[in-house]
Amino acid sequence: MENNVSKQELNIAQKTYLIKDTLIDSLNVHREQGISIIENKNNNYKSNPYKQAISSNVYMYSAILIKDITQEFKGGGNIIIVNGWETMASLNKANFTCCFYGKDNTLFYIYSTRKTATFLNSGPYHSVQFECPVDFFSVTKVSVSDGPQYCVENKEYYIKVDTPMKSESGLAVCGKVSYGKLDAKRLVEWFEVQRLLGVDKVLTYTYKLNTQAMNVLDYYESIGYAEIIRDFDFPFKGILSCC
């Protein structure tokens, strides 16, 4: 048994170093070419993907319909999690209205107080999640309003509601943001450890990531193991001094 384990570990180590050497050496030889390819690659590129909500203080990025396992909402149904950015003006506002469009194009609303905001610095925006309770799956679009029971019909202020893909036997790892300068060799090791642990898919965003690390992500995406959402913008990027 010990010999078999040793052989398995040796094979994994050899495979990891082979991938590392191939990726890193390729980048060192064709560095300028690699930079050009990465800069021109548009796959999954999110160019200012945010949509202003009914509230002018909120910019929505995504809306996901999931089961409310906490059952904190009365009725214990489902919740739609709206992810995005919020201005400092709304940081201390706990009450909001969730506005919905159903499959039959019916407009309705639900009042909520469940909001999670992450405030890291004195910039004009902070990341935020709004939780909107619903008792059924027929919601197609959602928006967020500051005022109680205030919704508008203009669909330009609404975002599509997605249902997450599920695999009963699968395992995925969702990273937040890969940014700055990451050690490419350590990144390869991390990916190979995830594969050894039985992870089926890795998802991460990138923002101003160094070329060598980006090349590693490109490789794992090319073999179907990773899904990369490339450099995404912020609301009013280039206009505000922070962005």
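A disulfide here is a pair of cysteine sulfur atoms within 2.5 Å. I start with that cut-off because it decides which cysteine pairs I get to call bonded. Worth jotting down too: this is a predicted model.

**Entry 1: the disulfide search**

I ran the search over the whole structure and got 2 disulfides. The pair I opened to begin with was Cys98 and Cys132, whose sulfur atoms sit 2.1 Å apart. I then checked the torsion about the S-S bond: -80 degrees, a left-handed link for Cys98 and Cys132. Where do Cys98 and Cys132 lie in the chain? I found Cys98 in strand β4 (residues 96-102) and Cys132 in strand β7 (residues 125-134). They are 34 residues apart, and the pair links distant parts of the chain.

**Entry 2: the other pair**

Next I pulled up Cys99 and Cys151, and their sulfur atoms are 2.0 Å apart. Cys99 is in strand β4, while Cys151 is in the loop between β8 (139-145) and β9 (159-160). The two are 52 residues apart in sequence, so this disulfide ties together parts separated by that stretch. Its S-S torsion came out at about -85 degrees, so I logged the Cys99 and Cys151 link as left-handed.

I also wrote down the connectivity: with the bonded cysteines of the chain numbered in sequence order, the pairing reads 1-3, 2-4.

**Entry 3: cysteine exposure**

Are these cysteines buried or exposed? I went through them one by one, with buried meaning under 20% relative accessible area and exposed meaning over 50%.

- Cys98 has 0% relative accessibility, so I count it as buried.
- Cys132 is buried as well, with a relative accessible area of 0%.
- Cys99 also gives 0%, so it goes down as buried.
- Cys151 comes out at 21%, so I have it as partly exposed.

I looked at Cys174 too: its relative accessible area is 64%, so it counts as exposed.

**Entry 4: the whole chain**

I zoomed out for some context. The chain has 4 helices and 12 strands. It runs to 243 residues, and 38% of them count as buried. For the surface, I got an accessible area of about 14600 Å², with 52% of it belonging to carbon and sulfur atoms.

How much of the contact set comes from residues 24 or more positions apart? I get 72% of the contacts in the chain with a separation of 6 or more.

How values were computed: Residues are numbered from 1 along each chain as its sequence is written. This is a predicted model: local features need pLDDT of at least 70, side-chain atom pairs count only at pLDDT 80 or more; totals for chains, interfaces and linings use all residues. Side-chain values use heavy atoms; hydrogens and water are left out. Buried means under 20% relative accessible area, exposed over 50%, partly exposed in between (1.4 Å probe, protein chains only). Contact means heavy atoms within 4.5 Å. Accessible areas come from the Shrake-Rupley method with a 1.4 Å probe; for residues, only the protein chains shown count as cover.
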